[in-house]
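Thanks for coming. Please have a look at the next slide before I start talking.

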Number of protein chains: 4
Amino acid sequence: MCPKKHIPSAVKDPKLIETRRQQIVAAAVNLFVEKGFHGTTTREIARESGLSIGALYEYVESKEDVLYLVCDNIHTTLETRLRRTLTEAGNARESLRSAIRQYLYVMDDMQDDVLLIYQESKSLPLEALHFVLGKEEQITGIFADILRRGIEDGSLRLDPGAVTLMAHNIIVLGQMWAFRRWALQRHYTLEEYIRVQTSLLLNELMSPDETDDTDTQVKKEEGEAVRGN
Amino acid sequence: MCPKKHIPSAVKDPKLIETRRQQIVAAAVNLFVEKGFHGTTTREIARESGLSIGALYEYVESKEDVLYLVCDNIHTTLETRLRRTLTEAGNARESLRSAIRQYLYVMDDMQDDVLLIYQESKSLPLEALHFVLGKEEQITGIFADILRRGIEDGSLRLDPGAVTLMAHNIIVLGQMWAFRRWALQRHYTLEEYIRVQTSLLLNELMSPDETDDTDTQVKKEEGEAVRGN
Amino acid sequence: MCPKKHIPSAVKDPKLIETRRQQIVAAAVNLFVEKGFHGTTTREIARESGLSIGALYEYVESKEDVLYLVCDNIHTTLETRLRRTLTEAGNARESLRSAIRQYLYVMDDMQDDVLLIYQESKSLPLEALHFVLGKEEQITGIFADILRRGIEDGSLRLDPGAVTLMAHNIIVLGQMWAFRRWALQRHYTLEEYIRVQTSLLLNELMSPDETDDTDTQVKKEEGEAVRGN
Amino acid sequence: MCPKKHIPSAVKDPKLIETRRQQIVAAAVNLFVEKGFHGTTTREIARESGLSIGALYEYVESKEDVLYLVCDNIHTTLETRLRRTLTEAGNARESLRSAIRQYLYVMDDMQDDVLLIYQESKSLPLEALHFVLGKEEQITGIFADILRRGIEDGSLRLDPGAVTLMAHNIIVLGQMWAFRRWALQRHYTLEEYIRVQTSLLLNELMSPDETDDTDTQVKKEEGEAVRGN
DNA sequence: CATGAATGAGCATTCATTCAT
DNA sequence: CATGAATGAATGCTCATTCAT
């Protein structure tokens, strides 16, 4: 998959390490989401993990390690869920359309976690940050691959030099659904968001002849609401 | 402009308040950018401001107030610089193209500040956060206005219900240049980024007949480099 | 006198720093003597100093700083008290005899402090340790000076190359009264100790013709006691 | 030899106890010398001993027990090595001269261990400390015995009441070579130190008629160096 | 208005020791 | 006998905020 930062543990049994770290991550995600990294104490993490503070530090060397574990876990979950939905059926254009939809479903579901990474990863030590960004890039690569397939099979017209950028655009599409939810989710439902963004992205917006009507149309009230801010 | 949160001060003279708060913000931006909100102490802010801690607390009620002041200041600067470049000359499509370019210039210049808002605004008390988000929405409104003008003058084909979303897309376009710089700025120069993103956005990408070649084409090496990662 | 390590303080008024540090040292000496450096907590030091823990750290940067302050204070006291008793009256031999006597009085009085330095100075950071050893050497120099005067005025016969060593011997003479008190003070009174050590040192022991009888003779019971262990 | 503190063990086999404790002591000496008693953790002791912490605590009841074991071991080694070199050949004066020389050789070799006892024995529980001091006294007795023999055979002129003191002086002579090495070993080689101290002690210093020249004379450069500080 | 000394709750982390397996 | 995971009291230190001068 992707190289992971090795976090030393005083405990020898790898099985146990895995189990305990899962407890820790499960507890920490919730706490970090709720109160932020700096607002959460190690004791809270320990308590919620069902570990003593001493035990916590047997599986982790610092609070920052917990943050890394959390970020990595979120990314892994994200990637796993995303890859699970990928199909090679049909041309790449259809694959992309489907992948975007699935990606946005996942992002909608993991909003808090996405936010967490975006707001707290700066607290990671440099080395750990690199690993996290590496993972981020890898996930971006999923879309880059589809885009390249689309260029090859002719279903997508895109300058090869713009592939990376486009892939990042798609990723950001999902992230903004989370970190601008205070605005977006007031105006659009997830389905609307998916529909419109996909259209814009797949360039159907400006080529009405290729557009299927149900796709681009936004509900009336929505159109009104938008003007209201 | 936009309603601002009133921050009480023990000092009467409004002129003085204004001056001192400017000192405070100037000092705090640098510190927050460099060390983050939590990594900066009030003493450091005071020292860099040329004030005593006692004096600092005469102009501000809490460290969070400083953060609010900083965020508000960044947003105000951003908006001012952006509005200064807006022209009504030509059709809206050309206005938009120009606005995006100018916006990206500003965002490139203010990368650190943009990052600051994105990573630290979660530390604001709820009320202050609302003011900050309000400002954000207002800036988004600048682009929404242009888009609406484009619909009216026919230079932009866009479903009215998608205006808000498109405006957010544009804003995020600029923000991602900052918060994904670890990837984007490794692959693209600012000019390339502006060119490609504008093309994608203005839908020239998929309609090569409308495209001006120099605009969509990315330098060969870039194309290679992209595949390389 | 002797260069001192500068210990930064958050407080500006030098008078206040002096006062507070004196409080701190006064409290810490007792605590360190009683419970050792590691056995004493910073909170105890603060409490006994009449300061809050926060205030303590305004005058000191670490617990080790307190230790340095304590060591330096002890050395300074020692040196001051020692120098106060020095006389140039008579020949150097008589000066030395008197100086040793006074030195041992002081050492007897400061036993606990001497012990403290000997047992805890290893906990000092390297730099601070150098300052402490420098001070120690300077005190040794007091006796070296007298010895040199003795060589010059002919009242002491000593190879110049042995001056330093002899000076260290004298210093250690006083220190061992403290750190071997569990044995020495069971067998000898201070006066006896002074008398015998001075005799041995001034070489009267083996030259009975120069010896004044009352000086070398140790009380009968003492002689017995010695054999008893 | 000397009564030793009994340290309870959960293990029955005395052979095994002996072996394991030797492992423990060997590891702990190095660690204590390097990092001090308080700076060494029980886990480190266990690891270096090749034992698990669990096992460590089967052979020892506390960290302080390890310290006692270490101190006792050092003292035992010291005494053994010292006694091995003792000869009854010649008069006591010559025995003493030789014993001092051998003693200083051993002390030079065991500097770190000597320092260890001097700096850390204060961390021993009272009872253990008494045993350690007892051993120290016993070693001192070695020299007391020689001194007494010297009084009897007339080769040493010494007030019987000063025997104990003189014995302590000799012991301290060796110890100071270790704990004042920062000064002494900068000025003198071991051989010079032995020569001069022996001379001073054997009272040849002030009676040049009895002195053998090579013995009291300190190398010219040394003499200079001494004045230089 | 300005100063800066004082406060003390709060935090991350350590480590000797235990005990179930 | 051996193992090593678990415990949690204890510690050094920080820092936002206050308030007497």
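I will go through the protein surface around each of the two DNA strands in turn.

A word on conventions: this is a predicted model, where local features need pLDDT of at least 70, side-chain atom pairs count only at pLDDT 80 or more, and totals for chains, interfaces and linings use all residues. Residues are numbered from 1 along each chain as its sequence is written, chains are lettered from A and ligands numbered from 1 in the order in which they are written, and side-chain values use heavy atoms, with hydrogens and water left out.

Let us take DNA strand F. How many residues surround DNA strand F? There are 40, and the closest are A:R20, A:Y59, B:Y57, C:Y57 and D:Y59. A residue counts as near a strand if one of its heavy atoms lies within 4 Å of it. Looking from the DNA side, 62% of the strand F atoms within 4 Å of the protein belong to sugar or phosphate, and the rest to bases.

Now some polar contacts, meaning pairs of N or O atoms within 3.5 Å. On strand F, a backbone N or O atom of B:K63 is 3.0 Å from a phosphate oxygen. D:K12 also places a backbone N or O atom 3.0 Å from a phosphate oxygen of strand F. For D:D13, a polar backbone atom is 2.8 Å from a phosphate oxygen of that strand.

Which element gives the largest share of the surface near strand F? That is α3(A), with 5 residues. Helices here are DSSP runs of H or I, at least four residues, numbered from the N terminus. By type, the surface near strand F has 14 nonpolar, 12 polar and 14 charged residues. Ala, Val, Leu, Ile, Met, Phe, Trp, Tyr, Cys and Pro count as nonpolar, Asp, Glu, Lys and Arg as charged, and the others, Gly among them, as polar.

On to DNA strand E. Here 41 residues surround the strand, the closest being A:Y57, B:Y59, C:R20, C:Y59 and D:Y57. Sugar and phosphate make up 64% of the strand E atoms that come within 4 Å of the protein.

Which atoms of C:Y59 and strand E lie 2.3 Å apart? They are a polar side-chain atom of C:Y59 and a phosphate oxygen of the strand. A:K63 has a polar side-chain atom 2.9 Å from a phosphate oxygen of strand E. With B:K12, a polar backbone atom is 2.9 Å from a phosphate oxygen there.

The most residues near strand E come from α3(C), which gives 5. The surface near strand E divides into 15 nonpolar, 12 polar and 14 charged residues.

Definitions and conventions
Polar contact = N/O pair within 3.5 Å; in protein donor to acceptor, adjacent residues only side chain to side chain. Helix = DSSP H or I, 4+ residues; strand = E, 2+ residues; numbered from the N terminus.
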